[in-house]
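Q: Please take a close look at the charged side-chain pairs, and at the helix packing beside them. Where do the partners sit, and how accessible are they?

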Amino acid sequence: MDLDAVRTFVAAADAGQFQEAADTLSVTQQAVSKRIAALEKDLDVRLFTRTARGAQLTIDGKAFLPHARELLRVAERADASVRPGRRALRVDVSNRRTAPAVLLQDFYRMHAEIDLDVVTLDADTDVEGAIAAVEAGTIDATFHAVPPRQHLPEAVRAAQVIDEPHQLLVGPRHALASAHAVTPARLAGHRIWMPGLDRGTEVSAYYKELAATFGLTIDVIGPVFGNEALLDEVADSPELATLVGERSRYLWPDSYDLKRIPVRDPTLIYPISLIWRDDNPHPALVELRDYLDFRRADAPDGEVWLPTWAQR
């Protein structure tokens with residue numbers, strides 16, 4: 001159905017005259033007449049009766065009018081859903097507990113007027129899958145580490161925006177539980193448990209280089225029962241430890257008495273990039289990128305360690 005004809009019909013019904021409807025729509029009276037005639041032909045009914053006082057709705061015209069108004073409202077909502085700046089900015093954070101989700105929440109606190117849709121793609125989505133989602137327009141942006149030689153489609157861009165320091169998470173009976181800070185060298189010989197770390201992903205590439213550089217034992221063996229189960233095991237063990245991001249959010253019962261210990265000299269940094277389409281016109285995307293550039297000034301001071309492919 002021709003929405004211009006429907007819009008013309010509603011304008012004529014409201015005005016009661018074709019000429020007034022033409023003035024409202026900034027078209028000629030002849031154009032109004034042609035659109036109404038085409039709509040009547042399409043519906044196979046008469047919508048108006050011409051009188052000396054103007055144009056009056058027929059019974060069919062009165063029946064059609066509320067539906068015509070609804071058609072225009074639906075069209076307006078459909079237009080708004082994809083119009084840059086009028087639909088929500090859709091951003092994938094991979095995991096709602098990690099630094100990207102925390103920073104995105106801080107961004108929203110400063111820009112509450114922005115309509116934001118925070119999502120997580122499927123749990124097994126790696127950087128290639130996330131890039132494909134950006135390229136396809138499923139999401140406006142995503143956060144991932146971008147490893148060396150990662151292929152980016154022509155319109156897709158990536159920029160490192162978060163330098164996330166690591167912390168060691170241990171239970172109260174662990175040998176390092178009383179430490180105020182630890183060096184990477186001091187972690188050698190301790191079992192760092194990170195079950196479910198998939199081989200071949202950008203995350204596993206990072207931890208493989210980290211382990212090789214400092215002689216660490218990173219144990220990825222074991223099924224994944226979720227963060228709560230992992231925290232429960234670490235809290236009850238004198239040997240198990242795991243690595244978490246400094247800004248990641250984890251909650252546990254007070255009885256666990258878990259300790260978050262900074263890793264320093266050097267500080268271990270997990271590099272996270274924002275990935276987006278360069279031709280995406282959504283104005284909130286520009287504001288998000290500016291905010292992340294500003295917040296990157298909060299990168300840790302002192303000596304840091306980055307994987308070779310992320311060193312600037």
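A: Asp4 and Arg7 are placed three residues apart in helix H1, about one helical turn from each other. Helices here are DSSP runs of H or I with at least four residues, strands are runs of E with at least two, and both are numbered from the N terminus. The model is predicted, so local features need pLDDT of at least 70 and side-chain atom pairs pLDDT 80 or more, while totals for chains, interfaces and linings use all residues. Residues are numbered from 1 along each chain, and side-chain values use heavy atoms, with hydrogens and water left out.

The Asp4 and Arg7 side chains form a salt bridge, at 3.2 Å from N to O. That term requires a side-chain nitrogen of Lys or Arg within 4 Å of a carboxyl oxygen of Asp or Glu, and the rule yields 15 salt bridges. Asp4 is partly exposed at 41% relative accessible area, and Arg7 is partly exposed at 35%. Buried means under 20% relative accessible area, exposed over 50% and partly exposed in between, using a 1.4 Å probe and protein chains only.

A second salt bridge joins Asp106 to Arg295, at 3.3 Å from N to O. Asp106 belongs to helix H5 (residues 99–110) and Arg295 to helix H9 (residues 283–295), so this pair ties together parts that are 189 residues apart in sequence. Asp106 and Arg295 are both buried.

In a third salt bridge, between Asp257 and Lys259, the closest N and O atoms are 3.1 Å apart. Asp257 is partly exposed at 35% relative accessibility, and Lys259 is partly exposed at 29%. Elsewhere, Glu70, Arg73 and Arg77 are joined into one network by salt bridges that share partners.

Helix H1 also takes part in packing. Helix H1 (3–15) is among the elements covering the buried residues of H2, which also include helix H3 (29–43), strand S1 (48–51) and strand S2 (54–57); contact means heavy atoms within 4.5 Å. In H2 (residues 18–25), the buried residues are Phe18, Ala21 and Ala22. Viewed down the H2 axis, the buried residues lie within an arc of 105°, so they line one face of the helix; the arc is taken from the directions from the helix axis to the C-beta atoms. An α-helix has 3.6 residues a turn, so residues three or four places apart point the same way. Asp23 and Thr24 are exposed, on the face of H2 turned away from its buried side. After H2 comes Ser26, with a positive phi near 60°.
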